[in-house]
Amino acid sequence: MNKNLNIPLSVPNLSIDILDNVKECIETGWVSTGGKFITEFEEKVADYVGVDEAVGVQSGTAALHLAFQILGVEAGDEVIVPTVTFIATVNPITYLGAKPVFMDCDDSLNIDLDKLEEFLEKNCEQTEDGLLNKNSGNIIKALTIVNVFGNPIDMERVIEIADEYDLKVVEDAAESLGSFYNVGEYQGKHTGTIGDIGVLSFNANKILTTGGGGMLISNNDEIIEKARFLAVQAKTDPLYYKHDEIGYNYRLTNIAAAFGTEQIDRLEDFIKVKKKNYELYKKEIDKIDGLELLPFNTNTRPNYWFYSVVVNEEEYGIDRDQLLNKLNEVGIQARPLWGLISDQKPYQSCESYKIDKAKYYVDNLINIPCSTNLTEDEVYQVVDMLKEYKV
Ligand SMILES: *Cc1c(COP(=O)(O)O)cnc(C)c1O
């Protein structure tokens, strides 16, 4: 069959209504890092996820950089991170002169909390200076969790562990905006709002986009104030331009926020589409031997951001890479899981703890098209090809 489809993996869903907001930016001259859309977008996001305040910044990476710095991560410190994530989770640790310690994933693709506990118990010791990593002799300051592909991690357990070992928690919720917990202590709470600081991203492939942008969220006034301060060059006096600290030019622009205020109003509708398409894929992929669409964690309302299919070569007949190539050849954009961060050149010498399951998923997983403007027809087109390629 000679198909020529055009089904991208994940593209923005932008309404022309955004133009009214952008027009207002142009007409009023408020195009840079101040203006009413920034405040409006911050308030809408804070309201939606249920935190006191949010600080708009130029990327999720920038928000992570601020988060680690504000929580006291310094040169020589260590931060625990998942090896299964986008590298943006980890790079800001290096910006600060600190080092990541990599953890494995479990079958939800999130950090394996059993292994995390085992590592803390066996390899670390509480000292006057903080939690000592006995291997490296460095202090571990924080734990970063990522809700991979929008799937909420067991946050009750994360907080229990962090409390026991006195670790700060950064929730990288860049992929999980809209996901929340349905039961337990955090019932009704959104991802990103439970740890010390939460981070969101509005990059173009995320569930909503401002072109580029991010947000730091917290219920702690001091953290929010510090983030606002550092994001605008740490200006102590706005008239005389006094600076007592090194800051950054990290503030979100009014133009980006003009996209955001419109996009956030559509988020629940986006999630409805993602859920509907997920369920359709699920029904059909369940019928194909050798393929499994990974579930989202029960007891949560995920945002269904990315769909992951695990290929069992023996049953399916061809391997993951063959399937990937075939799909891409006919115009169905699919991709493998990120290369493990612990395997990337800058991080190969950093400590990893029993990375095992992550290797399996790197070799056998694909992400299939999941845009919020993906139609039911297109889902069937993808499924048809998945059926056809089975040997
Ligand atoms: C996208 C993403 C980021 C970073 O966001 P940017 O806005 O692109 O800097 C961080 N962490 C994860 C897990 C992401 O997927």
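Me: How many salt bridges does a search of the whole structure find?
Reply: The search finds 22 salt bridges. The model is a predicted one.

Me: Why is the pair K23 and E27 called a salt bridge?
Reply: The closest N and O atoms of K23 and E27 are 3.3 Å apart. The cut-off is 4 Å between a side-chain nitrogen of Lys or Arg and a carboxyl oxygen of Asp or Glu. The value lies within 4 Å, so K23 and E27 form a salt bridge.

Me: Where do K23 and E27 lie?
Reply: Both lie in helix α1, residues 18-28. They are four residues apart, about one turn of the helix.

Me: What makes D107 and K357 a salt bridge?
Reply: Their closest N and O atoms are 3.1 Å apart. The limit is 4 Å, so the pair qualifies.

Me: How many salt bridges are counted between domain 1 and domain 2?
Reply: The count is two. Domain 1 spans 18-266 and domain 2 spans 267-389. Their centres, taken over C-alpha atoms, are 25 Å apart.

Me: How many residues does each domain give to the contact?
Reply: Domain 1 gives 51 residues and domain 2 gives 38. The area buried between domain 1 and domain 2 is about 4,000 Å². Carbon and sulfur atoms give 60% of that area.

Me: Which three residues supply the most of the area that domain 1 buries against domain 2?
Reply: F102, F149 and I207 supply 21% of that area, more than any other three residues.

Me: How many residue pairs are in polar contact across the interface of domain 1 and domain 2?
Reply: The rule finds 33 pairs, with both residues at pLDDT 80 or more. On the side of domain 1 that touches domain 2, the elements that give two or more residues include α4 (91-95), β3 (99-103) and α8 (254-264). The residues of that side divide into 23 nonpolar, 17 polar and 11 charged.

Me: What makes the E175 atom and the ligand oxygen a polar contact?
Reply: A polar side-chain atom of E175 lies 2.5 Å from an oxygen atom of the ligand. The cut-off is 3.5 Å, so this is a polar contact. A polar side-chain atom of K206 lies 3.3 Å from a ligand oxygen, so that pair also passes. For G60, a backbone N or O atom lies 2.7 Å from an oxygen atom of the ligand.

Me: Which residues are closest to the ligand?
Reply: They are T61, D172, E175, S201 and K206, among 16 residues that surround the ligand.

Key:
Residues numbered from 1 in each chain as written. Predicted model: local features only at pLDDT ≥ 70, side-chain atom pairs only at ≥ 80, totals over all residues. Heavy atoms only, no water. Domains from an automatic or database assignment. Contact = heavy atoms within 4.5 Å. Buried area = accessible area lost by both parts, 1.4 Å probe. Polar contact = N/O pair within 3.5 Å; in protein donor to acceptor, adjacent residues only side chain to side chain. Nonpolar A, V, L, I, M, F, W, Y, C, P; charged D, E, K, R; others polar. Near = heavy atom within 4 Å.
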